[in-house]
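Colleague: Please give me a close look at a single part of this structure, and then place that part within the whole. I am new to the subject, so I would be grateful for each step of the reasoning.

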Amino acid sequence: MATSMARSGLRAAAAAALRGEAKSGARPVLLNKRSFSASAHHDDAYETAKWEKITYAGIVTCTILSIYNLSKGHPHHPEPPPYPYLHIRNKEFPWGPDGLFEKKHSEH
């Protein structure tokens, strides 16, 4: 750890010497300085406004697409043929002659 810090300091001093900062008395600039998110140079109000606009655009787009998809309708499939081996009932259901989630048949 100490050797890497020494190398980093030497690297910064060498870079400052090459730029001529050591002669002018200015502090050497550290090249390997870590920048965290708090030190970012972004304007928080700008970022908030940008994402608010993106959110509103997404809401409008999703609303338009859902209205378009719902307005098209859906295909109606033909009724399956009444095969004799389908819906065989040997015993009545407690809720009536039809299944719980099946379409109820009405007599005309």
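Modeller: In this predicted model, Glu47 forms a salt bridge with Lys50, and their closest N and O atoms are 3.3 Å apart. That distance satisfies the criterion, because a salt bridge requires a side-chain nitrogen of Lys or Arg within 4 Å of a carboxyl oxygen of Asp or Glu. The structure holds 1 salt bridge, and this pair is therefore the one to examine.

Consider first where the two partners sit. Both Glu47 and Lys50 belong to helix 3, with a separation of 3 residues, or about one turn of the helix. Glu47 has a relative accessible area of 24%, so it is classed as partly exposed. Lys50, at 30%, is partly exposed as well. The reasoning rests on two limits: buried means under 20% and exposed means over 50%, so both values fall in between.

Next, consider the helix that carries the pair. Helix 3 has 28 residues, which at 1.5 Å a residue should span 40 Å; its end C-alpha atoms are 41 Å apart, and the two values agree. The confidence of the prediction is highest in this helix, at a mean of 95, and lowest in helix 2 (residues 21-24), at 51. After helix 3 comes Gly73, whose phi is positive, near 85 degrees.

The segment after helix 3 (44-71) also includes Ile88. Together with Tyr83, Tyr85 and Leu86, Ile88 makes a nonpolar surface patch of about 450 Å². Ile88 counts as exposed because its relative accessibility is 57%. Tyr85, at 55%, is likewise exposed, whereas Tyr83, at 43%, is partly exposed. Two members of the patch have a further relationship. A search of the whole structure finds 1 aromatic pair. Tyr83 and Tyr85 form that pair, with 5.4 Å from centre to centre and 10 degrees between the planes. It is described as stacked because planes under 30 degrees apart are given that name.

Finally, the wider setting may be described. The protein has 3 helices and 0 strands, and its pattern along the sequence is α-α-α. Of its 108 residues, 6% are buried. The protein exposes about 10700 Å², of which carbon and sulfur atoms supply 64%. The average pLDDT is 76, and 64% of the residues score at least 70.

To return to the part you asked about: the salt bridge joins Glu47 and Lys50, two partly exposed residues that both lie in helix 3, where confidence is highest.

Definitions and conventions: Residues numbered from 1 in each chain as written. Predicted model: local features only at pLDDT ≥ 70, side-chain atom pairs only at ≥ 80, totals over all residues. Heavy atoms only, no water. Patch = residues over 30% accessible without salt bridge, like charges linked within 9 Å, V, L, I, M, F, W, Y side chains within 5 Å. Areas by Shrake-Rupley, 256 points an atom, 1.4 Å probe, with all protein chains shown as cover. Helix = DSSP H or I, 4+ residues; strand = E, 2+ residues; numbered from the N terminus. Buried < 20%, exposed > 50% of the residue type's maximum accessible area, 1.4 Å probe, protein only. Phe/Tyr/Trp six-rings, centres within 6.5 Å; stacked < 30°, edge-to-face > 60°. Expected span 1.5 Å × (residues − 1). pLDDT = per-residue confidence, 0-100.
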